Amino acid sequence: MSNSHDTEAASPAKAPKAPADEESTTPGVGFSVSSITRRWKREDLLKKGSLIARGFAFFLSLLSFIITASNKHGDWENFDNYEEYRYLLAIAILSALYTGVQAFRHVSAKLILDQRLSAMLDFVGDQVVSYLLISSVSAAIPMTNLMREGQDDIFTDSSASAISLSFFAFILLAISAMISGYKLSTQTYI
């Protein structure tokens, strides 16, 4: 006695499958139109993301520079009486210059440098400026906290806002550094 399951198992192979795309089955060839368009979209997104991060970092660094430089309220409440705030100001100026030049370079889309050298410059520059920003923030925070223990006024509030803006500029440049690191890792060096 045979079962209907037995006849199915004994029957010849099922109908042949439709042939798959030759592009996806060919070993070593992984390029199709959809993968190329995805790569272009990803590269475009990375380019725009880097530009947006640098643009906002420029804006925040510029605001930090302006707030720190205008933080003069007489007597002991002048930013230039404290090394920490002078350092914060210097790094905010440097960060505003760097991010402004980089954003302009990306907007103008002129290839002044070789693509590999440009990727290396972006990565190293983003790293250096972001670490300088976090260094200046970490130097100015203890002084501001010490002053706030004694008296909380417009001088300490302005200092705290400049520190916060520099910190957010650091975060944006760190994101830009990750993007430029990815771009650097995808470069070919043949």
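# Exercises on an all-helix chain

The chain holds 6 helices and 0 strands. The model is predicted. Work through the tasks with the structure in view.

## Exercise 1: The overall picture

Task: State in what order the elements run, how much of the chain is buried, and what share of the contacts join residues at least 24 apart.

Solution.
- Step 1. Start at the N terminus. The elements run α-α-α-α-α-α.
- Step 2. Turn to burial. The chain has 190 residues, and 32% of them count as buried.
- Step 3. Look at the surface. About 12,400 Å² is exposed, and carbon and sulfur atoms supply 65% of that area.
- Step 4. Check the contacts. Take those between residues at least 6 apart in sequence; 78% of them join residues at least 24 apart.

## Exercise 2: Helix H4

Task: Compare the reach of helix H4 with the expected value, then list buried residues in H4.

Solution.
- Step 1. Locate the helix. H4 covers residues 83-108, which makes 26 residues.
- Step 2. Take the span from the first C-alpha to the last. It is 37 Å.
- Step 3. Set this beside the expectation. At 1.5 Å a residue, 38 Å is expected, and the span of H4 is close to that.
- Step 4. Find the buried positions. Among them are Tyr85, Leu88, Leu89, Ala92, Ser95, Ala96, Thr99, Gln102, Ala103 and Arg105.
- Step 5. Recall a general rule. An α-helix has 3.6 residues a turn, so residues three or four places apart point the same way.
- Step 6. Keep two names from the list for later: Tyr85 and Arg105 are both buried in H4.

## Exercise 3: Salt bridges

Task: Say how many salt bridges there are, and describe where the partners of Asp126, Arg105 and Asp157 lie or how they are covered.

Solution.
- Step 1. Count. There are 3 salt bridges. The cut-off is a side-chain nitrogen of Lys or Arg within 4 Å of a carboxyl oxygen of Asp or Glu.
- Step 2. Take Asp126. Its partner is Arg54, and the closest N and O atoms are 2.6 Å apart. Asp126 lies in helix H5 (residues 115-150) and Arg54 in helix H3 (residues 33-69), so this pair ties together parts 72 residues apart in sequence. Both Asp126 and Arg54 are buried.
- Step 3. Take Arg105. It meets Asp122 at 2.3 Å, N to O. Arg105 sits in helix H4 and Asp122 in helix H5, so the pair ties together parts 17 residues apart in sequence. Arg105 and Asp122 are buried as well.
- Step 4. Take Asp157. It forms a salt bridge with Arg148, at 2.6 Å from N to O. Asp157 is partly exposed, with a relative accessible area of 38%. Arg148 is partly exposed too, at 34%.

## Exercise 4: Rings around Phe155

Task: Which aromatic cluster includes Phe155, and how are its pairs arranged?

Solution.
- Step 1. Count the aromatic pairs. There are 5.
- Step 2. Pick the pair of Tyr82 and Phe155. The centres are 6.1 Å apart and the planes make 40 degrees, a tilted pair. Tyr82 is in the loop between H3 and H4, while Phe155 is in helix H6, so the pair ties together parts 73 residues apart in sequence.
- Step 3. Check burial. Tyr82 has a relative accessible area of 16% and is buried. Phe155 is buried at 0%.
- Step 4. Pick the pair of Tyr85 and Phe155. This one is edge-to-face, with 5.8 Å between centres and 85 degrees between planes. Tyr85 belongs to helix H4 and Phe155 to helix H6, 70 residues apart. Both are buried.
- Step 5. Join the results. Tyr82, Tyr85 and Phe155 make one aromatic cluster.

## Exercise 5: On the surface

Task: Which residues make the nonpolar surface patch of about 450 Å², and is Ser70 buried or partly exposed?

Solution.
- Step 1. Name the patch. Phe167, Phe168, Ile171, Ile175 and Met178 make it.
- Step 2. Place one member. Phe168 is in helix H6 (residues 154-185).
- Step 3. Explain its class. Phe168 has a relative accessible area of 45%. Partly exposed covers values between 20% and 50%, so Phe168 counts as partly exposed.
- Step 4. Move to Ser70, in the loop between H3 and H4. Ser70 is partly exposed, at 47%.
- Step 5. Compare sequence and space. Ser70 and Ser158 are 88 residues apart in sequence, yet their C-alpha atoms are 9.0 Å apart.

Note on methods:
Residues are numbered from 1 along each chain as its sequence is written. This is a predicted model: local features need pLDDT of at least 70, side-chain atom pairs count only at pLDDT 80 or more; totals for chains, interfaces and linings use all residues. Side-chain values use heavy atoms; hydrogens and water are left out. Helices (H or I, at least four residues) and strands (E, at least two) are DSSP runs, numbered from the N terminus. The expected span of a helix is 1.5 Å times one less than its number of residues. Buried means under 20% relative accessible area, exposed over 50%, partly exposed in between (1.4 Å probe, protein chains only). Patches are made of residues with over 30% relative accessible area and no salt bridge: like charges are joined within 9 Å, nonpolar side chains (Val, Leu, Ile, Met, Phe, Trp, Tyr) within 5 Å. Accessible areas come from the Shrake-Rupley method with a 1.4 Å probe; for residues, only the protein chains shown count as cover. Rings of Phe, Tyr and Trp (its six-membered ring) pair if their centres lie within 6.5 Å; planes under 30 degrees apart count as stacked, over 60 as edge-to-face and the rest as tilted. Contact means heavy atoms within 4.5 Å.
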